[in-house]
Amino acid sequence: GHPTSPSATLENRFPSEPVPDNRASTKPGALHSPTCGGGRVGHNRPEVTLSAEGTHPSSLVSLERELGEMGYPYASLAELRRSGVRYRAAVPVLLSYLTPRTDLKTLEEVIRALSVSWAKPDAVAPMISMFRNVDDPKELGVRWTVGNALDVLWDDSHFDELAELAMDRSYGRAREMLVLGMRRSKDPRAADILVGLLDDPSVNGHAVEALQKLAVPQARKGLEGMLGDERAWVRRSARRALEKLDRRGADTA
């Protein structure tokens with residue numbers, strides 16, 4: 001098995017500690033890895049197949065050629081992501097491939113390449129649309145990858161749409177990283193939404209992680225209820241979140 005939690009860093013690493021909120025010191029091109037079974041993040045990613053009808057199998061080759069002509073002469077999108085180059089000028093080209101007509105392999109590489117802070121604000125609305133509309137019957141496939149991108153790209157100017165997706169239980173575990181992304185929000189509604197998701201087994205562990213960051217008093221009762229969760233990483237996160245609340249309470253006493 002390959003357990004899961006929201007904790008993976010930005011560049012092909014899968015440590016066991018929570019994701020740092022400050023990603024400035026990490027390399028671009030983050031892709032967290034989903035897992036089965038509700039435990040810690042693992043390397044084995046479930047395979048997902050999308051409808052091949054109307055796709056362009058040569059998309060990746062043409063995209064890499066186009067980027068090369070722009071001055072990004074890398075052998076692959078993965079190499080570009082790992083290069084340390086702030087490829088802001090490539091974002092519009094990458095977004096042009098963020099379409100259901102793009103073949104799955106290219107689509108996932110494009111999503112990863114757009115999972116960088118400098119793709120904001122341009123990539124946010126197209127990613128929201130992709131999350132809604134991608135033909136992906138599996139919870140841990142390309143829609144999950146889009147949710148991971150939206151975590152990195154979180155933008156409160158799209159809060160209503162992001163919150164709607166996070167609360168839509170029909171998307172199941174594809175929302176994991178989207179729910180975690182709410183820890184970045186300054187919107188006062190975020191905490192209550194996260195508390196409301198503590199009874200959703202698909203994403204409640206990620207809601208606990210997000211609440212640990214936000215440290216809001218109204219989460220205490222829900223977090224106490226998560227101390228008995230069967231997943232060790234969730235119990236640990238709930239305990240840390242409650243300890244943080246206790247410290248804040250002592251500081252303000």
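Helix α10 is followed by A215, a residue whose phi is positive, near 50°. This model is a predicted one, and the backbone at A215 is a useful place to enter it, since most residues other than glycine have a negative phi. A215 is a residue other than glycine, and yet its phi has a positive value. The residue lies in the loop between α10 and α11, the latter covering residues 220-225. Is A215 buried or exposed? With a relative accessible area of 7%, A215 falls under the 20% limit and is therefore buried.

The helix that comes before this residue is also mostly covered, for α10 spans residues 204-214 and 10 of its 11 residues are buried. Among the buried residues of α10 are N204, G205 and H206 at its beginning, together with A207, V208 and E209. The list of buried residues in α10 continues with A210, L211, Q212 and L214.

On the other side of α10 in the sequence is the loop that joins α9 (189-196) to α10, and S202 is found there. S202 has a relative accessibility of 23%, and because this value lies between the limits of 20% and 50%, the residue counts as partly exposed. Which residues does S202 touch, not counting those up to four places away in sequence? They are G172, R173, R175 and E176. For G172, the C-alpha atom is separated from that of S202 by 5.7 Å, although the two residues are 30 residues apart along the chain.

From these details it helps to step back to the whole chain. The protein chain has 12 helices and zero strands, and accordingly its pattern, read along the sequence, is α-α-α-α-α-α-α-α-α-α-α-α. Of the 253 residues in the protein chain, 54% are buried. The accessible surface of the chain comes to about 11,300 Å², and carbon and sulfur atoms account for 51% of that surface. Among the contacts in the chain with a separation of 6 or more, 68% are between residues 24 or more positions apart.

One place where helices meet is the pairing of α5 (residues 124-133) with α7 (residues 159-167), whose axes are 11 Å apart and pack at an angle of about 25°. Because an angle under 35 degrees counts as roughly parallel, α5 and α7 are described as roughly parallel to each other. The crossing in which α5 passes α7 is left-handed. On the α5 side the contact involves I128, F131 and R132, and these meet E161, L162, E164 and L165 in α7. Sorted by class, the residues of this contact are four nonpolar and three charged, with no polar ones.

Within that contact, I128 deserves a closer look. This residue is found in helix α5, and at 1% relative accessibility I128 counts as buried. Leaving aside neighbours within four places in sequence, I128 is in contact with L150, H158, E161, L162 and L165. For E161 in particular, the C-alpha to C-alpha distance from I128 is 7.6 Å, while the two residues are 33 residues apart in sequence.

Helix α5 also holds a residue at the other end of the scale of accessibility, for N133 has its place in this helix. N133 has a relative accessible area of 55%, and because this is over 50%, the residue is exposed. The C-alpha atoms of N133 and T99 are separated by 9.7 Å, with their positions 34 residues apart along the chain.

Just ahead of α5 in the sequence is the loop that leads from α4 (104-113) to α5, and P121 is found in that loop. As a rule, most peptide bonds are trans. The peptide bond from K120 to P121, however, is cis, with omega near -5°.

Helix α4 in turn packs against helix α1 (residues 59-69), at an angle of about 40° and with the axes 8 Å apart. Are these two helices roughly parallel or oblique to each other? An angle of about 40° is not under 35 degrees, nor does it reach the range of 65 to 115, and α1 and α4 are therefore oblique. The contact is made by S59, L60 and L63 of α1 and by K105, T106, E109 and V110 of α4. By class, these residues divide into three nonpolar, two polar and two charged.

Definitions and conventions
Residues are numbered from 1 along each chain as its sequence is written. This is a predicted model: local features need pLDDT of at least 70, side-chain atom pairs count only at pLDDT 80 or more; totals for chains, interfaces and linings use all residues. Side-chain values use heavy atoms; hydrogens and water are left out. Helices (H or I, at least four residues) and strands (E, at least two) are DSSP runs, numbered from the N terminus. Buried means under 20% relative accessible area, exposed over 50%, partly exposed in between (1.4 Å probe, protein chains only). Contact means heavy atoms within 4.5 Å. Accessible areas come from the Shrake-Rupley method with a 1.4 Å probe; for residues, only the protein chains shown count as cover. Axes are lines fitted to C-alpha atoms, for helices over the stretch in contact, and angles run from 0 to 180 degrees between N-to-C directions. Angles under 35 degrees count as roughly parallel, over 145 as roughly antiparallel, 65 to 115 as roughly perpendicular and the rest as oblique. A crossing is left-handed if the near helix is turned anticlockwise from the far one by less than a right angle, and right-handed if clockwise. Ala, Val, Leu, Ile, Met, Phe, Trp, Tyr, Cys and Pro count as nonpolar, Asp, Glu, Lys and Arg as charged, and the others, Gly among them, as polar.
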